[in-house]
Amino acid sequence: MHDEEQGGGRGPGRRRAVREQTPTQRALGLLTRREHSRKELTRKLTSRGLETGEVVAAVDRLAELGWQDDTRFAENLVRSRAATGYGPIRIRAELGTHGLDREAIARAMDSFEGDWSGNARDLVQRRFGATLNDLAARRKAADFLLRRGFDSTSVRSATRFDPDDE
């Protein structure tokens, strides 16, 4: 008899034994895909049935080793959201949902090297064209920017922007 016939080979009916991953391994798997805040990582792992104490210890260990870092997470989120057209109000609120304190949020927002008014102008130009000819178009653009989380100063600057002024 051949190995396959005796069940010794890896035929279609055989599977490798799946080894259960530790909380640290599972957390590291998530972190290799993208940055996560401490709160988000803990929530994801406990929602998958892992014991809270083990999860907290694993996240603490990964933070000590530099794999998880709330500051790095926050700065990346600010850059990413700003690049996709969101304003500081929306981004600040999102950072708050990730369990970051006021100081951490302020530091992350201060790390942004862009210009919020410039971002708002660029967004309006891409979305609505080079000029906003009438009041209705300006209002529509302003409402759009407010929904995206821009402050009133940036909205005013973007909706009254004239490319000939540069």
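The side chains of E94 and R81 meet in a salt bridge, with 2.8 Å from N to O; the term stands for a side-chain nitrogen of Lys or Arg within 4 Å of a carboxyl oxygen of Asp or Glu. This pair links distant parts of the chain, since E94 belongs to helix 6 and R81 to helix 5, 13 residues apart. Helices here are DSSP runs (H or I, at least four residues), numbered from the N terminus.

A word on the ground rules: this is a predicted model, in which local features need pLDDT of at least 70 and side-chain atom pairs count only at pLDDT 80 or more, while totals for chains, interfaces and linings use all residues. Residues are numbered from 1 along each chain as its sequence is written, and side-chain values use heavy atoms, with hydrogens and water left out.

**Salt bridges**

At 15% relative accessibility, E94 counts as buried, whereas R81 is partly exposed at 25%. For these words, buried means under 20% relative accessible area, exposed over 50%, and partly exposed in between (1.4 Å probe, protein chains only). E94 has a further partner in R90. Both R90 and E94 lie in helix 6, four residues apart, or about one turn of the helix. R90 is partly exposed, with a relative accessible area of 33%. Through shared partners, the salt bridges join R81, R90 and E94 into one network.

The whole structure holds six salt bridges, and three of them are set out here, including one between R38 and D60.

| Salt bridge | N to O distance |
|---|---|
| E94 and R81 | 2.8 Å |
| R90 and E94 | 3.2 Å |
| R38 and D60 | 2.5 Å |

The R38 and D60 pair also links distant parts of the chain: R38 is in helix 3 (residues 38-47) and D60 in helix 4 (residues 52-64), 22 residues apart. R38 is partly exposed at 30% relative accessible area, and D60 is partly exposed at 31%.

**Rings**

R90 turns up again beside an aromatic ring. Its charged end sits over the ring of Y86, 4.2 Å from the centre, and the charged end of R148 sits over the ring of Y86 too, at 4.1 Å. To count, NZ of Lys or CZ of Arg must be within 6 Å of the ring centre and within 35 degrees of the ring normal.

Rings of Phe, Tyr and Trp (its six-membered ring) pair if their centres lie within 6.5 Å, with planes under 30 degrees apart called stacked, over 60 edge-to-face and the rest tilted. By this rule there are two aromatic pairs. One of them, F128 with F144, is edge-to-face, at 5.8 Å centre to centre and 75° between the planes. F128 is in helix 8 (residues 116-128) and F144 in helix 9 (residues 135-147), 16 residues apart. F128 is partly exposed at 24% relative accessibility, while F144 is buried at 6%.

**Nonpolar cores**

In soluble globular proteins, nonpolar side chains tend to be buried together. A nonpolar core here is a set of buried Ala, Val, Leu, Ile, Met, Phe, Trp, Tyr and Cys residues joined through side-chain atoms within 4.5 Å. The largest has 26 residues, of which I91, L95 and L145 touch the most other members. Helix 5 (70-83), helix 6 (88-97), helix 7 (102-110), helix 8, helix 9 and helix 10 (152-159) each give two or more residues to this core. Its largest share, five residues, comes from helix 5.

Leaving aside residues up to four places away in sequence, L95 touches A74, L77, V78, L100, I105, A108 and M109, where contact means heavy atoms within 4.5 Å. Apart from the largest core lies another of nine residues, among them L45, V55, V59 and L62.
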